[in-house]
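Here are some notes to read alongside the model if you haven't looked at it before. Take them one at a time, with the structure open.

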Amino acid sequence: MSGEQLIREIGRSGVAASAVGLGTWAIGGWMWGGTDEAQSIAAIQASLDAGVTLIDTAPAYGLGRSEEIVGKAIAGRRDKAVIATKCGLVWHTQNGKHFFDQDGKPVHRYLGRDSIIHEVEQSLRRLGTDYIDLYITHWQDVTTPIEETVRALEELKAAGKIRAIGASNVDRPELRQYIQTGSLDAIQERFSMIDRGIEADLLPLTVQNGVSTLSYSSLALGLLSGTIGPDRIFSGDDQRKDNPRFSVANRQKAKDFSEVIRPVAELHGASVAQVVIAWTLAQPGVTFALCGARNPAQAFDNASAGTLRLSVDDLKAIDAALAAKLAHMDG
């Protein structure tokens, strides 16, 4: 592989970031079998060293743990990072609608103004910074009008505390409402080779309106990485343990797929995971691909995907392999 990191703008915000981003859900430990802080910090720093500037986190990732680790990792290097974090999953108030419990604490979906103002200050403190590049509503709150939420975000932007506005886990009507405010720069949604629902309902709207899309679970929680075979054992609170998507049969299908596209990877001196990430970034409307990493080796491997340019023939071969091997994956 050769070339520079692919850089793209977040909507019309003027904020540019690497197309490959580091997702830090796993770094928070929750639902991923715990976390190793030293390795996590090293992974973030390795990403920055490799030219990955986009670092995505959220308060809900370990009840602030992920943000704290990101803050430690970027200390002294804040200017090299484009930080995306989120609001709207709260445990400081019982307002909104209950979503889940984490570490014995009820977490609610709530996007009222006062809560957002409180949340941003907590995130800034944990991250050790005085501004957030992209601030995203994590999950939508049926108890608060989107217009009220966006006004609060616009207020934070005017104050210089955030630079761009995003929304995550939206349906088509919600996306339309965000777009109507004129302030939406990006959405963050689940998208991968085996999760392509947004192609029909969301991406046409984002492309039409100049809104960027950040894909999360770009490697389908690692299923498409080429490293998880049918013999892999998941333990502890690892969410994949009881996930039907990670059945032995599905892991075998993923392994078979990885073997079919391995010649494409070898042609470019790349890994299977890098090819999957590069394919994701080649899809119309997908601007950024978020990929998790828990150690420097994984971080560097993901980062290298940002320098990989797939040809039209490469993409055709990959799409054919998808149709043949992954079209009927269950779960």
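Two residues are said to meet, or to be in contact, when heavy atoms lie within 4.5 Å. Bear in mind that this is a predicted model.

1. Start with a helix pair. Ile146, Glu147, Thr149 and Val150 on the helix 4 side meet Glu174, Gln177 and Tyr178 on the helix 5 side. Helix 4 covers residues 146-158 and helix 5 covers residues 172-180.

2. How do these two helices lie? In general, two packed helices are described by the angle between their axes and the distance between the axes. Here the axes of helix 4 and helix 5 come within 10 Å and cross at roughly 45°. Angles under 35 degrees count as roughly parallel and 65 to 115 as roughly perpendicular, so helix 4 and helix 5 end up oblique to each other. The crossing of helix 4 past helix 5 is right-handed.

3. Just in that part of the chain, have a look at Asn169, which sits in the loop between strand 10 (162-168) and helix 5. Its phi is near 55°, a positive value in a residue other than glycine. As background, most residues other than glycine have a negative phi. Asn169 is also buried, with a relative accessible area of 14%.

4. Ala220 is another one to check: its phi is positive, about 55°, although Ala220 is not a glycine. You'll find Ala220 in the loop between strand 12 and helix 8. Is Ala220 buried or exposed? At 4% relative accessibility, Ala220 counts as buried, because the cut-off for buried is under 20%.

5. Now for the rings. How many aromatic pairs are there? The count comes to 5. One of them joins Phe234 and Phe246, with 5.5 Å from centre to centre and 80° between the planes. Planes over 60 degrees apart count as edge-to-face, so that is the label for Phe234 and Phe246.

6. Where does that pair sit? Phe234 and Phe246 are both in the loop between strand 12 (212-216) and helix 8 (248-267), 12 residues apart. Both rings belong to buried residues: Phe234 has a relative accessible area of 9%, and Phe246 comes in at 3%.

7. Elsewhere, ring pairs link Phe99, Phe100 and Trp139 into a cluster. Phe99 has a charged neighbour as well, since Arg109 lies over the face of Phe99, at 4.0 Å from the ring centre. There is also Arg78, which lies over the face of Tyr131, at 4.0 Å from the ring centre.

8. Back to helix 8, which holds Gln252. Gln252 is partly exposed, at 31% relative accessibility. The C-alpha atoms of Gln252 and Gly229 are separated by 6.4 Å, with their positions 23 residues apart along the chain.

9. Last, try Ile27, in the loop between strand 3 (20-23) and helix 1 (37-49). With a relative accessible area of 0%, Ile27 counts as buried. How far apart are the C-alpha atoms of Ile27 and Asp313? They are separated by 36 Å, and the two residues are 286 residues apart along the chain.

Note on methods
Residues numbered from 1 in each chain as written. Predicted model: local features only at pLDDT ≥ 70, side-chain atom pairs only at ≥ 80, totals over all residues. Heavy atoms only, no water. Phe/Tyr/Trp six-rings, centres within 6.5 Å; stacked < 30°, edge-to-face > 60°. Helix = DSSP H or I, 4+ residues; strand = E, 2+ residues; numbered from the N terminus. Buried < 20%, exposed > 50% of the residue type's maximum accessible area, 1.4 Å probe, protein only. Lys NZ or Arg CZ within 6 Å of the ring centre and 35° of its normal. Axes fitted to C-alpha atoms, helices over the stretch in contact; angles between N-to-C directions. Parallel < 35°, antiparallel > 145°, perpendicular 65-115°, else oblique. Left-handed = near helix turned anticlockwise from the far one by under 90°.
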